[in-house]
Amino acid sequence: MRRRGLVVLLALGLAACSLPREPLEIAPVAVPALGLADAPAPAIAAGWWQALGDPQLDRLVADALAGNPTLAAALARQREAGSFLAGAEAARRPQLTGDASVQRQRLSDAYIIPPPWGGSTRNIGQAQLNLGWDLDFWGRQAAAVDQASAAAGAAALDHAAARLALAGSVVQTYIELARAGQRLATALAELERRGQALALVRLRVQNQLDGERAAHSAEIREAQARQELALAGAQREALLHACALLAGRGADYYATLQPPRLALEASLPLPATLPADLLARRPDILAAQARIDAAMAGREVARTAFYPDIDLMGLAGLQAIDLDRFFSSDAVTYGVGAAVHLPIFDGGRLRAAYAGASARADAAIADYNQAVLGAVRETADALARVQGTSTALGAQRDAEAGAAGIQRLADTRLAAGLGSKLEQIEADLQLLGARQATADLEADQAIARVRLLLAVGGGFEPASAGTVSDSRSSP
């Protein structure tokens, strides 16, 4: 026993001498250094897009979350990570295997088997249960489980981030579809007005009240209106195709989409400043944090590889020459013992693995820092866009009100015989342009609000993404 103790102490001493102690070089970015406000972000409902009041949008988001291939791929990666976690957990438990064989064999008469078996050909049977258990004295298996668990958590968070991003893409594309429908209607109305203006100018040319130059100018504007109508129609068709793609559907889906009926002025809960809990509300940030945890656990796995492995082993079974004695008590065999494996000289393999694990931990921290800084910038940009479009929209509505006043004045002048039909048409066109500009800014503002909502995590709830199962958590 004294000799065995000395061997164990010597092994531990060798392991301690060879164990590296390189520190990490990169530190995670500190939250106080980011300049975030103390106020938390407002609570956001899971189905936040329902506030826009369009049942067709609700159906489109539901179809996308159920059938989009990108989301299906993220879910498959989540299940794969879950299988790695199950494998790591299984490695910590005792392992029991069974082996059985029957073999016809000539036994050597010049070996340890005496006559009459030596030199004869016999049936040899064997059945055996083998038990193995890594005692994990140094926590390597536990670290491997932690690594797999963190990686599985990151995959679940990636799936939640993909759901959130997909819902946001659907809503923004749908808003663009509504904008395209408005542009198509404006283009149709403008073409009608331009046609009327062209007919009036041609009549004036016939009556020698205008020259050919005026007619050519009217023809150019009418042609430009036809061009704008064609482009608006093509843009709307492309957005219909984009909606079908996001929903994971084909060309038969196009006909099921009706013109959007969005309440773009609907209230969405949005922060007025950069919230302090931004980093806890975004699944991509939490996934980056989970990858740091996985990398640190992997570093611990590499560190504990310098310590000896201690395993318990056991076997029990039956062995017999000639099968008529196979199930007799004489055929019983069993054994129990322990095994120690100590790395002493490996040519630097373990140090290289530890250095690689440390580098991966540094890379995970750097990726986290980049994700944090990107999230702060994305949120700040979205907040600035919301504020900017709100100011611009107020000014544009004033401009639209002015154009509406000019159009009413043109109608009054025409009714009183003081103005011309061409003046009224130009006033109508000016009002159409102002209304389209207002609609564009309303769409821009709605998209900016959606982006800000997504930047602060949307309807994501961290607790709902903490599982590696086939989750259906809300984005």
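This is a friendly dialogue on reading helices, cores, cavities, a pocket and backbone angles in a predicted model.

Visitor: Let us start with the long helices. How many residues does H4 have, and what span should they give?

Guide: The idea is to set a rise of 1.5 Å a residue against the distance between the end C-alpha atoms. H4 has 67 residues, which should span 99 Å, and its end C-alpha atoms are 96 Å apart, so the two values agree. Just after H4 comes Gln208, with a positive phi near 60°.

Visitor: And what does H9 reach from its first C-alpha to its last?

Guide: H9, with 35 residues, reaches 51 Å, close to the 51 Å expected. The residue with positive phi that follows H9 is Gly457, where the angle is near 105°.

Visitor: Where is Val205, and is Val205 buried or exposed?

Guide: Val205 belongs to helix H4. Its relative accessible area is 17%, and because buried means under 20%, Val205 counts as buried.

Visitor: What is Val205 in contact with, once neighbours within four places in sequence are left aside?

Guide: Its contacts are Asp210, Gly211, Glu212 and Ala215. For a sense of distance, take Val450: from Val205 it is 245 residues away in sequence and 52 Å away in space, C-alpha to C-alpha.

Visitor: Now the interior. How many residues does the largest nonpolar core have, and which have the most contacts inside it?

Guide: There are 56 residues in the largest nonpolar core, and Trp48, Leu57, Val61, Val170, Val171 and Ile175 have the most contacts inside it. Helices that each supply at least two residues of this core include H2 (55-67), H3 (69-91), H5 (212-246), H7 (283-304), H8 (349-415) and H9 (421-455). H4 gives the largest share of this core, with 10 residues.

Visitor: Could you take Leu57 as a case? What is Leu57 in contact with, beyond its neighbours within four places in sequence?

Guide: Leu57 touches Trp49, Leu52, Val170, Val171, Tyr174 and Leu262. Apart from the largest core there is another one, of seven residues, including Ala81, Leu85, Val145 and Ala148.

Visitor: How should I look for empty space, and how many cavities of 30 Å³ or more does the structure hold?

Guide: Rolling a probe the size of a water molecule over the atoms shows where empty space is left. In this structure there are two cavities of 30 Å³ or more.

Visitor: What is the volume of the largest cavity, and which residues line it?

Guide: The largest cavity has about 60 Å³. Its lining is made of Asp134, Asp136, Phe137, Trp138, Arg140, Pro308, Asp309 and Ile310. By class, these are four nonpolar, four charged and no polar residues.

Visitor: What lines the second largest cavity?

Guide: The second largest cavity holds about 30 Å³. Leu52, Leu264, Ala266, Leu268, Ala446, Arg449 and Val450 form its lining, with six nonpolar residues, one charged and no polar.

Visitor: And the largest pocket: how much space lies in it, and which residues lie nearest its centre?

Guide: The largest pocket has about 240 Å³ of space. Of its 15 lining residues, Ala178, Arg179, Gln182, Pro260 and Leu264 lie nearest the centre. H4 and H9 each supply at least two of the lining residues, and H4 has the largest share, six. The lining divides into nine nonpolar, two polar and four charged residues.

Visitor: What should I look for in the backbone angles?

Guide: Most residues other than glycine have a negative phi, and most peptide bonds are trans. One case to look at is the peptide bond from Pro115 to Pro116, which is cis with omega near 10°. Pro116 sits in the loop between strand S1 (95-106) and strand S2 (121-134).

Visitor: Where is Asp136, and is Asp136 buried or exposed?

Guide: Asp136 is in the loop between S2 and H4. Its phi is positive, near 50°, and Asp136 is buried, with a relative accessible area of 18%. We met Asp136 above in the lining of the largest cavity.

Visitor: What is phi of Asp322, and where is Asp322 placed?

Guide: Phi of Asp322 is also positive, near 80°. Asp322 lies in the loop between strand S3 (309-321) and strand S4 (332-341).

Conventions. Residues numbered from 1 in each chain as written. Predicted model: local features only at pLDDT ≥ 70, side-chain atom pairs only at ≥ 80, totals over all residues. Heavy atoms only, no water. 1 Å grid on protein atoms, 1.4 Å probe; cavity = no way out; pocket = protein on both sides within 12 Å on 5 of 7 lines; lining within 4 Å. Points joined across faces, edges and corners; volume = space filled by probe spheres on them. Nonpolar A, V, L, I, M, F, W, Y, C, P; charged D, E, K, R; others polar. Core = buried A, V, L, I, M, F, W, Y, C linked by side-chain atoms within 4.5 Å. Buried < 20%, exposed > 50% of the residue type's maximum accessible area, 1.4 Å probe, protein only. Helix = DSSP H or I, 4+ residues; strand = E, 2+ residues; numbered from the N terminus. Contact = heavy atoms within 4.5 Å. Expected span 1.5 Å × (residues − 1).
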